[in-house]
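Subject: Handing over the structure

Hello,

I am passing this structure on to you, as promised. Please have a look at it first, and then read on for what I found.

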Amino acid sequence: MDESALLRQARDSDGHAVAALLDRTFGARPDQLTLFAAWLVDPNRRVLVAESSGKLIAVAVCSRLADPAIARYADITAELPSWLAGRVAGGLQVLAVAEHLRGQGLGLRLGNAMIGQLAEMGCEVAIGVSWDNGGAATSKGLYAAAGFGLLGRSAGFYAVEQRRSGQPCPYCGQPCRCVALLFARSIT
Ligand SMILES: CC(C)(COP(=O)(O)OP(=O)(O)OC[C@H]1O[C@@H](n2cnc3c(N)ncnc32)[C@H](O)[C@@H]1OP(=O)(O)O)[C@@H](O)C(=O)NCCC(=O)NCCS
């Protein structure tokens with residue numbers, strides 16, 4: 001595993017590099033920089049980046065979830081398991097590693113770092129959605145390696161997300177037909 005990249009909290013000056021990586025990975029959206037600025041000042045959210053030789057090579061975003069946000073995940077599976085009920089939940093919301101550096105363990109390092117951040121914010125469980133786009137670079141293996149269990153899948157989740165964000169899916173364009181896989185694990 002490549003341990004050489006430095007993981008740190010994101011700062012204002014990372015905006016353009018973060019936006020470029022996210023646009024390339026998930027499809028361009030015109031408000032990416034505004035969104036990033038809002039993430040940085042949200043007390044319930046943490047934005048981590050990885051850098052190597054002064055270059056930004058990955059970004060990860062997680063947050064403590066309010067109830068309406070959890071309801072959004074419930075769209076993926078009609079029945080959330082009872083062990084999630086009443087527990088403070090955190091979401092792994094964004095994870096992107098630069099194309100040429102994937103498959104070397106950086107995604108898993110960031111995934112585990114986000115669990116640590118969620119624990120610091122008082123979260124008892126972590127929830128995440130894996131983007132199953134048919135490509136090789138998905139987070140399915142990473143979630144399993146980080147101790148998450150699969151709760152459900154949905155073929156309609158990303159089309160709804162896309163209407164909200166306006167991002168054209170790099171795999172299917174519009175509408176997005178990628179499958180969403182819902183994962184969760186206990187933190188405490
Ligand atoms: C998903 C993503 C963040 C994973 O990042 P990554 O750095 O490639 O992740 P890791 O290297 O930690 O793990 C990925 C795979 O490499 C394997 N791996 C980890 N370390 C390795 C090593 N030293 N040598 C070989 N393989 C290794 C992992 O077991 C995992 O394999 P699997 O997925 O086949 O089970 C990255 O592929 C990405 O940016 N994808 C596009 C965006 C995306 O889908 N983001 C997630 C949104 S839900």
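Below is a short tour, from the sheet to the helices, the ligand and two details of the backbone.

One thing to keep in mind throughout is that this is a predicted model.

**The sheet**

A good place to start is the open sheet, which is formed by seven strands in the order E1-E2-E3-E4-E5-E7-E6, with mixed pairing. Its edge strands are E1 and E6, the latter spanning 149-154, and each of them pairs on one side only. From one strand to the next, the twist averages 25 degrees. Two helices that pack on this sheet are worth finding. H1 touches E2, E3 and E4, and its direction makes about 80 degrees with that of E3. H4 touches E1, E2, E3, E4 and E5, and the angle between its direction and that of E3 is about 35 degrees.

If you zoom in on the E1 end, you will see E1 (residues 6-9) and E2 (residues 45-52) running antiparallel, joined by four bridges. Within this pair, leucine 7 stands opposite alanine 50 in E2. On its other pairing, E2 meets E3 (residues 55-64), again in the antiparallel sense, over eight bridges. Here alanine 50 stands opposite alanine 58 in E3, so to speak a handy landmark for following the strands across. In regular strands, side chains alternate between the two faces of the sheet.

**Two helices in contact**

Next, please look at helix H1 (residues 15-26) and helix H2 (residues 32-41). Their axes are 9 Å apart and they pack at an angle of about 120 degrees, so H1 and H2 are oblique to each other. The crossing in which H1 passes H2 is right-handed. On the H1 side the contact is made by Gly15, Val18, Ala19, Leu22 and Asp23, and these meet Gln32, Leu33, Phe36 and Ala37 in H2. By type, the residues of this contact are six nonpolar, two polar and one charged.

**Around the ligand**

What surrounds the ligand? There are 21 residues around it, and the closest are Arg102, Gly107, Leu108, Ala137 and Gly141. Four elements each supply at least two residues of this shell: strand E4 (89-97), helix H4 (106-120), strand E5 (125-132) and helix H5 (140-145). The shell divides into 11 nonpolar residues, nine polar ones and one charged one. H4 is thus a helix you will meet twice, as it also packs on the sheet.

**Two backbone details**

The first is in the hairpin formed by E2 and E3, which has two residues between its strands. Serine 53, in the loop between E2 and E3, has a phi near 50 degrees, which is a positive value in a residue other than glycine.

The second is a cis peptide bond, from glutamine 174 to proline 175, with omega near 0 degrees. You can find proline 175 in the loop between helix H6 (157-165) and strand E7 (179-186).

Happy exploring, and best wishes!

How values were computed: Residues are numbered from 1 along each chain as its sequence is written. This is a predicted model: local features need pLDDT of at least 70, side-chain atom pairs count only at pLDDT 80 or more; totals for chains, interfaces and linings use all residues. A residue is near a molecule or strand if its C-beta atom, placed from the backbone, lies within 6 Å of it. Ala, Val, Leu, Ile, Met, Phe, Trp, Tyr, Cys and Pro count as nonpolar, Asp, Glu, Lys and Arg as charged, and the others, Gly among them, as polar. Axes are lines fitted to C-alpha atoms, for helices over the stretch in contact, and angles run from 0 to 180 degrees between N-to-C directions. Angles under 35 degrees count as roughly parallel, over 145 as roughly antiparallel, 65 to 115 as roughly perpendicular and the rest as oblique. A crossing is left-handed if the near helix is turned anticlockwise from the far one by less than a right angle, and right-handed if clockwise. Two residues are in contact if their C-beta atoms, placed from the backbone, lie within 7 Å. Two strands pair if DSSP finds at least two bridges between them.
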